[in-house]
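Visitor: Please walk me through this structure. I want to know how to read its features.

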Amino acid sequence: MIIVIIGAQWGDEGKGKVVDLLADRFDIVSRYQGGHNAGHSVYVGDKAFVLRLLPSGIIHEGTTCVLGNGMVIDPRAFFEEVDQMTSQGISITPDRLKVSSRAHLITPYHQALDHTSEERLGNEKIGTTLRGIGPAYEDKAGRRGIRVADALVPEVLKARIERNLAEANKVIAVFGREPLRSDEIFEQMSALAERLRPFVCETSKFYADAKADNKKILLEGAQATLLDVDHGTYPFVTSSNPTAGGASVGSGIPPHHISGVLGIVRTYATRVGEGPFPTEMLEEEEDIANLIRERGNEFGSVTKRPRRCGWFDAVATRYAADLNGFDSIALTKIDVLDTMAELKVCVGYKIDGERVDTFPAVSQDLRQIEPIYESLEGWQSDTVGCTDIEKMPTNARKYIDFLSESIGVEIGLVSTGPERDQTIILKDSVMEGWFQ
Ligand code: GDP
Ligand code: IMO
Ligand code: MG
């Protein structure tokens, strides 16, 4: 069984919590795209983990984790995270952590170029995490990137760094920044590459063997559908393909071997960084946004930026369901809405006076659209930690049913808090089968 977990909105839907919940039913948990722009928080008892590059399954000692070929890996961030996890009592050995030899490296000049690229865009900036993600994918597509396998051959690493840095330094100089030194970068990267060597793996072969052994694999998407470089709110997106198709490319697992796709959906929407956000709570709803931000702790786990908050957008989420082919949805953060008297759900858009029920491609449209809302009554009672759907307030159940109907996909799991046991798994759902 191979299941893909995908964020349905603009990220931070609670993918980490759900992956952690499922992980001990799976043998392998893998990332297939992105890098340390991700921040997946997992709470286990009094321990808090923030996973950036490592799959959330790493917390489960019986699980093998993979960083797939579709990822961009900053080796400094990789070892910082490995050391952090080790200090939190997690044993990380090359036996249980594999890094694809085909993944691309993020180097210090990629990070510098992320800064200059944002500076160049001025008011049109993307609001990236400034981790060097975009420039590393640019190098990959431009066929000048440095793969993990290349970094293991010192002469190749040195030549690539020298060649690429000569170009990068020209851009860096235009922005009045200090040029970077290729000997320093080479020294740092080659030492890290040596440390990485025991983790390096031909991961597509590893998966083929795993499949032959009937191993269960969980593919953990980072970022989310509306941040996908092809399908998201371009250009305000990340530079990879978090959507379901990306899981196959970014891992080397044939698409028809994937058995199911789980969408992670939050009961409301958030966005970090710039870009269109049709249901954003603006000035007149600032109090509601502040309440949600506080109750939902909506601050970036990587950059600590306050997340922009908005109402649930059924048009955007239905689009995500169609694109990814969700078989089931895990609905997170119902408890955050406990105090609300009224809940609005966007069921359509109005563009130039016309009703539109599909998610348009042009980002300009998304800035100008007027959401069409339906209002639902809140439940104004405590659902934190509820583990039984029958015990949920009637209006909370109505809200859950309304979301499921408007997306057109079953909700198989409802999350009522950040902890593992603050979860309801719905009987007879597709999701329930994956928990067996
Ligand atoms: P991810 O990037 O999709 O993994 O999500 P993040 O970890 O960045 O953000 C989600 C945050 O919400 C984390 O702090 C989670 O611990 C927390 N969380 C997840 N599910 C729930 C829930 O049902 N209720 C509440 N209150 N918090 C949740
Ligand atoms: P997880 O996996 C939310 C956003 C950034 C920016 C855009 C491009 O925790 O859900 P990048 O650094 O990737 O070039 O930035 O994408 N972004 C995220 N937003 N959650 C994330 O990851 C994100 N990763 C990137 O804020 O708008
Ligand atoms: Mg996150």
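Guide: We take a metal site, a helix and a ligand in turn. This is a predicted model, where local features need pLDDT of at least 70, side-chain atom pairs count only at pLDDT 80 or more, and totals for chains, interfaces and linings use all residues. Residues are numbered from 1 along each chain as its sequence is written, chains are lettered from A and ligands numbered from 1 in the order written, and side-chain values use heavy atoms, leaving out hydrogens and water.

Visitor: Which protein donors hold the magnesium ion (ligand 3)?

Guide: Donors are N, O and S atoms within 2.8 Å of the metal (3.2 Å for Na, K and Ca); water is not among the atoms, so sites may look incomplete. Here they are Asp12 (OD) and Gly39 (O), 2.0 to 2.1 Å from the ion. The two are 27 residues apart: Asp12 sits in the loop between β1 (2-7) and α1 (15-23), Gly39 in the loop between β2 (28-31) and β3 (40-44). Helices (H or I, at least four residues) and strands (E, at least two) are DSSP runs, numbered from the N terminus.

Visitor: Is Gly39 buried or exposed?

Guide: Buried means under 20% relative accessible area, exposed over 50%, partly exposed in between (1.4 Å probe, protein chains only). Gly39 is buried at 12%. Asp12, at 21%, is partly exposed.

Visitor: Which residues of α2 are buried?

Guide: An α-helix has 3.6 residues a turn, so residues three or four places apart point the same way. In α2 the buried residues are Pro75, Ala77, Phe78, Phe79, Glu81, Val82 and Met85. Gly89, with a positive phi near 90°, follows α2.

Visitor: Which residues come nearest to ligand 1?

Guide: Lys15, Ser41, Lys333, Asp335 and Ser415.

Technical notes. A residue is near a molecule or strand if one of its heavy atoms lies within 4 Å of it.
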